[in-house]
Amino acid sequence: MRGSEDMNVVAVTSCPSGVAHTYMAAESIERAFKDAGHNIKVETQGSIGIENRISQEEIKKADYVILTKDIAIKDEERFQGKTIVRVSVADAIKKADAIVKKLEQHYASNKK
């Protein structure tokens, strides 16, 4: 899915301990969306705070917002009005390709 069909996605990953799984989820999601030809920015909310913060401009352009649901996301209200997809950290790590496919299907059906 390339060209004008590229999605713009932002994601925030966080896990209860705020260490390894936060970053593993971020890496997996980012790789899967980039490999599929989509634009993605991933913010992490780990033990050292918020890294790679998503800007208001990036939120405005986003077709989807992916949030991990294992722990509350800080400043979640900034995504109000966007299509939010909640996934577990485990699914973000192990099933990122399936998340891409599901969003591609949704995106394509809404573009008709």
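A polar contact is a pair of N or O atoms within 3.5 Å. One such contact in this predicted model involves Ser 28. The side chain of Ser 28 reaches the backbone oxygen of Ile 93 at 2.9 Å. This distance falls within the cut-off of 3.5 Å.

Ser 28 is part of helix α1, which spans residues 20-35. Its relative accessible area is 7%. Ser 28 is therefore buried, as the limit for that class is under 20%. Apart from residues up to four places away in sequence, Ser 28 touches Ala 92, Ile 93 and Ala 96. Ile 93 thus appears twice: in the list of residues touched by Ser 28, and as the residue whose backbone oxygen the Ser 28 side chain reaches.

Helix α1 also holds Thr 22. The relative accessible area of Thr 22 is 0%, so this residue counts as buried. Beyond its neighbours within four places in sequence, Thr 22 is in contact with Thr 13, Ser 14 and Cys 15. Thr 44, Gln 45 and Gly 46 complete the list of contacts for Thr 22.

Cys 15 lies ahead of this helix, in the loop between β1 (8-13) and α1. Although placed in a loop, Cys 15 is buried, with a relative accessibility of 5%. Its contacts outside the four-place window include His 21 and Thr 22. Ile 71 and Val 89 are also in contact with Cys 15. The pairing of Cys 15 with Thr 22 is listed for Cys 15 and again for Thr 22. A separate distance relates Cys 15 to Leu 103. These two residues are 88 residues apart in sequence, and their C-alpha atoms are 22 Å apart in space.

Two other loop residues have backbone angles of note. Asn 52 is not a glycine, yet has a positive phi of about 60°. This residue sits in the loop between β3 (49-51) and α2 (56-61). At 46% relative accessibility, Asn 52 is partly exposed. Asp 75 likewise has a positive phi of about 60° without being a glycine. Its loop runs between β4 (64-68) and β5 (84-87). With a relative accessible area of 32%, Asp 75 is also partly exposed. Both values lie between the limits of 20% and 50%, so neither residue counts as buried or exposed.

At the level of the whole chain, four helices and five strands are present. From the N terminus on, the order of elements is β-α-β-β-α-β-β-α-α. The radius of gyration is 13 Å. A compact globule of 112 residues would have a value near 13 Å, so the chain agrees with that expectation. Along the principal axes, the C-alpha atoms fill a box of roughly 40 × 30 × 20 Å.

Burial and contacts were also computed for the full chain. Of the 112 residues, 42% count as buried. Among contacts with a separation of 6 or more, 65% join residues 24 or more positions apart. The accessible surface comes to about 6,200 Å². Carbon and sulfur atoms account for 50% of that surface. The chain carries 18 positive and 17 negative charges. The mean positions of the two sets are 3 Å apart.

Definitions and conventions. Residues numbered from 1 in each chain as written. Predicted model: local features only at pLDDT ≥ 70, side-chain atom pairs only at ≥ 80, totals over all residues. Heavy atoms only, no water. Buried < 20%, exposed > 50% of the residue type's maximum accessible area, 1.4 Å probe, protein only. Polar contact = N/O pair within 3.5 Å; in protein donor to acceptor, adjacent residues only side chain to side chain. Contact = heavy atoms within 4.5 Å. Rg over C-alpha atoms; globule rule 2.2 N^0.38 Å. Areas by Shrake-Rupley, 256 points an atom, 1.4 Å probe, with all protein chains shown as cover. Lys, Arg positive; Asp, Glu negative; His and termini not counted. Charge placed at Lys NZ, Arg CZ, Asp CG, Glu CD.
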